[in-house]
Protein chains: 2
Amino acid sequence: MRAVIVGSGAGGLTTASTIRKYDKDIEIVVVTKEKEIAYSPCAIPYVIEGVIKSFDDIVMHTPEYYKKERNIEILTETTVIDVNSKENKIMCIDKEGNKFEIDYDYLVLATGAVPFIPPIEGKDLEGVFKVRTIEDGRNILKYIEENNCRKVAVVGAGAIGLEMAYGLKKRGLEVLVIEMAPQVLPRFLDPDMAEIVQKYLEKEGIKIILSKPLEKIVGKDRVEAVCVDNKLYDVDMVIMATGVRPNIELAKKAGCKIGKYAIEVSEKMQTSIPNIYAVGDCVEVTDFITGEKTLSPFGSTAVRQGVVAGKNIAGIEAKFYPVLNSAVSKIGDLEIGGTGLTAFSANLKRIPIIIGKATALTRARYYPGGKRIDIKMIFNEDCRVVGCQIVGGERVAERIDAMSIAIFKKVTAEELANMEFCYAPPVSMVYEPLSLAVEDALNKLIK
Amino acid sequence: MRAVIVGSGAGGLTTASTIRKYDKDIEIVVVTKEKEIAYSPCAIPYVIEGVIKSFDDIVMHTPEYYKKERNIEILTETTVIDVNSKENKIMCIDKEGNKFEIDYDYLVLATGAVPFIPPIEGKDLEGVFKVRTIEDGRNILKYIEENNCRKVAVVGAGAIGLEMAYGLKKRGLEVLVIEMAPQVLPRFLDPDMAEIVQKYLEKEGIKIILSKPLEKIVGKDRVEAVCVDNKLYDVDMVIMATGVRPNIELAKKAGCKIGKYAIEVSEKMQTSIPNIYAVGDCVEVTDFITGEKTLSPFGSTAVRQGVVAGKNIAGIEAKFYPVLNSAVSKIGDLEIGGTGLTAFSANLKRIPIIIGKATALTRARYYPGGKRIDIKMIFNEDCRVVGCQIVGGERVAERIDAMSIAIFKKVTAEELANMEFCYAPPVSMVYEPLSLAVEDALNKLIK
């Protein structure tokens, strides 16, 4: 028996390790284009910032480690060019150009996503970078150093865009962020919450242009300027943080059913072809609240999917659940988190909601080091929590996790108001900020 | 209409403020023995430690503030000596010895708890202190300074005992902790988790004697030594952190029904006498898991009860729910939290359980500043989570809160394994430590 996994990101490697955890005998082969494996792409901005010393630090394991410790074979710098799902084999090409085939009993597509670069003039100039692989990160740093870059434009104010913007600013560059939407973090936060983040970044000296697209990138051989709203801004380099698209080419070649956005999978992470599984950014999932199909391009999602796929391949039943797309980002002194529905998306979908907000502190008022925390809770008509956004100086991620559980379990505002939040002056206020936001929503119902 | 509240702790003042929030007209009078109000007794150890500069800092509001901002009258240094619940009035005595009566429409008993001091020889010597009020805290500091104290015994290794022990150690004293139980934090953690805390404190230079009672305190006029296991230990002072007992004297005088441990109240925080409410450490509550009566002597509980009592008095329906007694403590570099059932108490009650444990980090392995975190999860026979204990360097409290919600909503291990935990390298691991503990429990079921 052999399981072949295409892709060495969080989804692929978690699947491989999970299969091995429950099945000591099956042969496991991971095929990956990349040279370095087992690193977290989310860490790239923090290496740019300098908090993490080197890109070498974010590589957790080598292929040799997987071979020796887990009996998992990893073929690096090898591209899978075709899948023959009738004969259960894949066609590969290695870095020397040698082509070869591998038979499989189970195939796992963990092909991830590819950066989406809008088709604008100048996108292929030297000095235009994407942020996806560790190689991208290394190239960005090298370019800054070799060209003594002083000014950079970051296109896209999503989490990665802002994390990169902050990292580049801390590295000493002048940073201009360009975002088409009228707010930063448009898919993540409502405008009122996004404004807190925007003001913080502006205070840190980052220039942000909203509601305008990047028109073109100007330069002879390399980036010299960007053009926005008919104005030229001199920059030495451009970071394209304009989102990603699921990489579904191999799935198509295999004949797997493609859904609205990406590869369709069952609860078991099985594609339409029973012995082909798919996990990570290349699959589509179900939105817990709306029941619609959606994407969930997060490392944490890929890990959970990898556990489910790996268990099922090893013969242990496991299911992947609909998602809330809970996410968190740390940008400088701010921790920013969100889960479930935003008011913005609720309005788009004409879902009636009740909002509760609170601004409080993360520790007792008199305890040193407490940080401001802003909370926005979204409840549906039945007064059940369906969304939460938090921006604060600390302790945001776990509060988002708590609210994710509350959303999954359809907890009501009244239940949440009574919920037990533990208290000690160094780690919380006696009246938990989440409870204050819940009370705010309840008060709107009284009036 | 007049509401009279006896006690100015978290429960009493929250009740007063909540009534005022929803009823602008009712007259509100708070009667308290104390001179200073609106402070958090939980903060005392941190002032001793020196993290908080002065006891003045932990006083949040003055009586004048309550008068001016909330139209709440506060009578300080005034003792309520009797209640006549037939005629709806209380008898008070002020610090000058003047006796007077106050009529009430609603009475709220927020009389708190009194320290329990075991009846041992020497307990009344100079240099023996309890830790309950801000005055106790001020007296401890004053005694240390005036007598140049160098050695202290802390009796009781509960949260307050250990917080005080750490604070006194940081203030430069030699500290001996004496605990009758065979572990520290006996009502809070299982022995395996408590051991992590014990080892940390011992590494910090605190001496801990377990499984032995304090036999006597020795001294002529003032403390000179303590005797444990027939041995004398020279100390300059003794801190009695030997627990508290509900203060139910007034409730008895009023004729309120007393339950197994303290004042019996309804979900609305109403006593057996309809216009008398009670909140805080003086009432008994229902344990969510066992359904038995229990105590919940936490500031956070008192606040939630105060909100419920206040709303009901103001004519807005609200209910107080059964408790898990979620709690957290910060001792030096350790954050320690627990909620629900421990394995120890499950065994005592013969409740079959499944345990899942994990040791992990609070940030991605390569991200600087990550701390070790140890998690123990308790599941019942149906594989639903019923308890969680966490000891770690950061981010413990909110994880406990998340697990409290999970326990309240009877979440299964399988659901928890699929639960969405948000991820970013600076604030979490891609595989959430809670999920690792859940997987550990699930693995035990497979085998």
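This report describes a predicted model with chains A and B, taking the interface between the chains, the domains of chain A, two buried threonines and some salt bridges in turn.

## Where chain A meets chain B

In this predicted model, 72 residues of chain A are in contact with 72 residues of chain B. The area buried between chain A and chain B comes to about 6,400 Å², and carbon and sulfur atoms give 62% of that area. Charged and polar groups also take part, for there are 10 salt bridges across the interface of chain A and chain B, and 28 residue pairs are in polar contact between these two chains. On the side of chain A that touches chain B, the elements that give two or more residues are α1 (10-22), α8 (299-313), β21 (327-331), α10 (397-408), α11 (413-417) and α12 (433-446). Of these, α10(A) gives the most, with 11 residues. Sorted by kind, the residues on this side of chain A divide into 45 nonpolar, 10 polar and 17 charged.

One of the salt bridges joins the side chains of B:Arg395 and A:Glu398, at 2.5 Å from N to O. Both of these residues belong to a network of salt bridges that links A:Glu335, A:Glu398, B:Arg395, B:Arg399 and B:Glu432, and that network therefore includes residues from chain A as well as residues from chain B.

## The domains of chain A

The domain assignment of chain A gives domain 1 (2-40 + 55-113 + 245-313), domain 2 (117-240) and domain 3 (333-446). Where do domain 2 and domain 3 of chain A stand with respect to each other? Their C-alpha centres lie 31 Å apart, and 9 residues of domain 2 of chain A are in contact with 17 residues of domain 3 of chain A.

Between them, domain 2 and domain 3 of chain A bury about 1,100 Å², with 64% of it on carbon and sulfur atoms. Within domain 2 of chain A, the residues that lose the most area to domain 3 are A:Phe188, A:Asp190 and A:Met193, which together account for 46% of what that side buries. A:Asp190 also forms a salt bridge with A:Lys376, in which the closest N and O atoms are 3.0 Å apart. Across this interface the rule finds 3 salt bridges, along with 7 residue pairs in polar contact. The residues of domain 2 of chain A on the side that touches domain 3 of chain A divide into 7 nonpolar, no polar and 2 charged.

## Two buried threonines

A:Thr18 is found in helix α1 of chain A. With a relative accessible area of 8%, A:Thr18 counts as buried, because that value is under 20%. The side chain of A:Thr18 reaches the backbone oxygen of A:Thr14 at 2.7 Å. Leaving aside neighbours within four places in sequence, A:Thr18 is in contact with A:Gly306, A:Val307, A:Gly310 and A:Lys311.

B:Thr32 is found in the loop between β2 (27-31) and α2 (44-49) of chain B, and B:Thr32 is buried, with a relative accessible area of 4%. Again leaving aside neighbours within four places in sequence, the contacts of B:Thr32 include B:Ser8, B:Ile37, B:Ile74 and B:Leu75.

## Salt bridges within the chains

Over all chains, a search of the whole structure finds 56 salt bridges. In one of them, A:Glu101 pairs with A:Lys89, the closest N and O atoms being 3.3 Å apart. This pair links distant parts of the chain, with A:Glu101 in strand β6 (residues 99-103) and A:Lys89 in strand β5 (residues 89-93) of chain A, 12 residues apart. A:Glu101 is partly exposed, at 46% relative accessible area, whereas A:Lys89 counts as buried, at 17%.

Another salt bridge joins the side chains of A:Lys170 and A:Glu204, at 3.5 Å from N to O. A:Lys170 lies in helix α5 (residues 159-170) and A:Glu204 in the loop between α6 (191-203) and β12 (207-209) of chain A, so the pair ties together parts that are 34 residues apart in sequence. A:Lys170 counts as partly exposed, at 45% relative accessibility, and A:Glu204 is partly exposed too, at 22%.

In chain B, B:Glu126 forms a salt bridge with B:Arg222, and their closest N and O atoms are 3.4 Å apart. Because B:Glu126 lies in the loop between β8 (113-115) and β9 (128-130) of chain B, and B:Arg222 in the loop between β13 (214-218) and β14 (225-228) of chain B, the pair ties together parts that are 96 residues apart in sequence.

Key:
Residues are numbered from 1 along each chain as its sequence is written. Chains are lettered from A and ligands numbered from 1 in the order in which they are written. This is a predicted model: local features need pLDDT of at least 70, side-chain atom pairs count only at pLDDT 80 or more; totals for chains, interfaces and linings use all residues. Side-chain values use heavy atoms; hydrogens and water are left out. Contact means heavy atoms within 4.5 Å. Buried area is the accessible area (1.4 Å probe) that two parts lose on being put together, summed over both. A salt bridge is a side-chain nitrogen of Lys or Arg within 4 Å of a carboxyl oxygen of Asp or Glu. A polar contact is a pair of N or O atoms within 3.5 Å; within protein, one must be able to donate a hydrogen and the other to accept it, and residues adjacent in sequence count only if both atoms are side-chain atoms. Helices (H or I, at least four residues) and strands (E, at least two) are DSSP runs, numbered from the N terminus. Ala, Val, Leu, Ile, Met, Phe, Trp, Tyr, Cys and Pro count as nonpolar, Asp, Glu, Lys and Arg as charged, and the others, Gly among them, as polar. Buried means under 20% relative accessible area, exposed over 50%, partly exposed in between (1.4 Å probe, protein chains only). Domain bounds come from an automatic or database domain assignment.
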